[in-house]
Amino acid sequence: MPIKPPRIRLALLNDYEVVVRGLRSMLEKHTERFAIVELNVNAGPSQRVDIALYDTFGRAQADGPGVGQLVRSGLADKVVVYSWNLDADLIRKAVDAGVRGYLSKRTTAAELTGNLERIHRGELVLAPPQPEIEPDGSDPTAVGFGDWPGRPMGLTQREADMIAMITQGLSNQEIASTAYLSINSVKSYIRQAYRKIDVDSRSKAVLWGIEHGFRPDASAQRRS
């Protein structure tokens, strides 16, 4: 009887429990190859893992301190960024920081698991760069995989990302810098989000965000 290879130990890193739980559910439906540990990115892996998957929802991108610190910690054999932001310069900075994969949230769960297995085997897997497209009322993140705060209220991932950062106290310019978007794109996504959640000011958006789970979770969730 053939011996099954050991499962790939995978850490899912994000400050929002709903995000890591959504990722976990998505991955477990498509493969038994992973042993998943749920954490938030502030805590980092408490034990050595094969792959740490850094989800950028509501967080600094790959050029922020979190990814570099994660690589330098040595607690993950390979660090992978999972993002909507496919800016060529951002992907290059991620590789320079030591990540072994930069994966797009536009891929299916089956493609994501396949890419993670390739990375585990030692390949460098990078999503093709894509320039920013100014929002026109439609949103490529409207059809997404996994889960995120605000999804039941009709927010796309990009719109939810805006509300998450507003709830954290970031200005529009800070959101633009963090999310690698133009200031006009940020304003457009915020307007679209405000219409959906029926608010007309930043202060009301912050209160709405606090009431609907847009503050980062304070404690890390671990489950192997």
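Two strands pair if DSSP finds at least two bridges between them. In this predicted model, one such bridge sets Leu53 against its partner Val80 in strand 4. The report starts from the strands, then turns to helix 2, Gln61, the nonpolar cores and the confidence of the model.

## Overall make-up

The chain has 8 helices and 6 strands. Read from the N terminus, its elements follow the order β-α-β-β-α-β-α-β-α-β-α-α-α-α. Of the 224 residues in the chain, 50% are buried. Among contacts with a separation of 6 or more, 71% are between residues 24 or more positions apart.

## Paired strands

Strand 3 (49–55) pairs with strand 1 (8–13) in the parallel sense, over 4 bridges. Strand 3 is also parallel to strand 4 (76–83), and 6 bridges join these two. Strand 4 in turn runs parallel to strand 5 (residues 101–104), with 4 bridges between them. The table lists residues that stand opposite each other in these pairs.

| Residue | Opposite residue | Bridges between the two strands |
|---|---|---|
| Ala11 | Ala52 in strand 3 | 4, strand 1 to strand 3 |
| Val49 | Ala76 in strand 4 | 6, strand 3 to strand 4 |
| Leu53 | Val80 in strand 4 | 6, strand 3 to strand 4 |
| Tyr82 | Leu103 in strand 5 | 4, strand 4 to strand 5 |

Strand 3, helix 2 and strand 4 form a β-α-β unit that is right-handed. A right-handed β-α-β crossover also takes the chain from strand 4 through helix 3 (residues 88–97) to strand 5.

Strand 3 is mostly covered, with 7 of its 7 residues buried. Strand 4 has 7 of its 8 residues buried, so the rest of the structure largely encloses it. In a regular strand the side chains alternate between the two faces of the sheet.

## Helix 2 and Gln61

Helix 2 (65–73) has buried residues at Gly66, Val67, Gly68 and Leu70. Strand 1, strand 3 and strand 4 are included in what covers them. After helix 2 comes Gly74, with a positive phi near 75 degrees.

Gln61 lies ahead of this helix, in the loop that links strand 3 to helix 2. Is Gln61 buried or exposed? Its relative accessible area is 2%, and buried means under 20%, so Gln61 counts as buried.

Two polar partners are found for the side chain of Gln61. The side chain of Asn85 makes a polar contact of 2.8 Å with that of Gln61. The backbone oxygen of Arg59 is 3.4 Å from a polar atom of the Gln61 side chain.

Beyond four places in sequence, Gln61 touches residues including Tyr54 and Thr56, Val67 of helix 2, and Ser83, Asn85 and Leu90. Thr178, Ala179 and Tyr180 are also among the residues that Gln61 touches.

## Nonpolar cores

Which residues have the most contacts inside the largest nonpolar core? They are Leu155, Met162 and Ile163, in a core of 26 residues. Helix 5 (157–167), helix 6 (172–179), helix 7 (183–197) and helix 8 (202–211) each supply at least two residues of this core. Another core lies apart from it and has 19 residues, among them Met26, Ile51, Leu103 and Ala109.

With neighbours within four places in sequence left aside, Ile163 is in contact with Leu155, Ala193, Tyr194, Ile197, Trp208, Gly209 and Phe214.

Ser203 belongs to helix 8. Its relative accessible area is 49%, and the class of exposed residues begins over 50%, so Ser203 is partly exposed. The C-alpha atom of Ser203 is separated by 9.0 Å from that of Thr167, a residue 36 positions away along the chain.

## Confidence

The average pLDDT of the chain is 85, and 86% of the residues score at least 70. Strand 6 (residues 125–126) has the highest confidence, at 97, whereas strand 2 (residues 34–39) has the lowest, at a mean of 79.

Over residues 219–224, pLDDT stays under 50. The model has 22 contacts beyond four places in sequence for this stretch. Where pLDDT is low, the predicted coordinates should not be read in detail.

Definitions and conventions
Residues are numbered from 1 along each chain as its sequence is written. This is a predicted model: local features need pLDDT of at least 70, side-chain atom pairs count only at pLDDT 80 or more; totals for chains, interfaces and linings use all residues. Side-chain values use heavy atoms; hydrogens and water are left out. Buried means under 20% relative accessible area, exposed over 50%, partly exposed in between (1.4 Å probe, protein chains only). A polar contact is a pair of N or O atoms within 3.5 Å; within protein, one must be able to donate a hydrogen and the other to accept it, and residues adjacent in sequence count only if both atoms are side-chain atoms. Contact means heavy atoms within 4.5 Å. A nonpolar core is a set of buried Ala, Val, Leu, Ile, Met, Phe, Trp, Tyr and Cys residues joined through side-chain atoms within 4.5 Å. pLDDT is the predictor's confidence in each residue, from 0 to 100. A crossover is right-handed if, with the strands pointing away from the viewer, the path from the first strand over the helix to the second runs clockwise.
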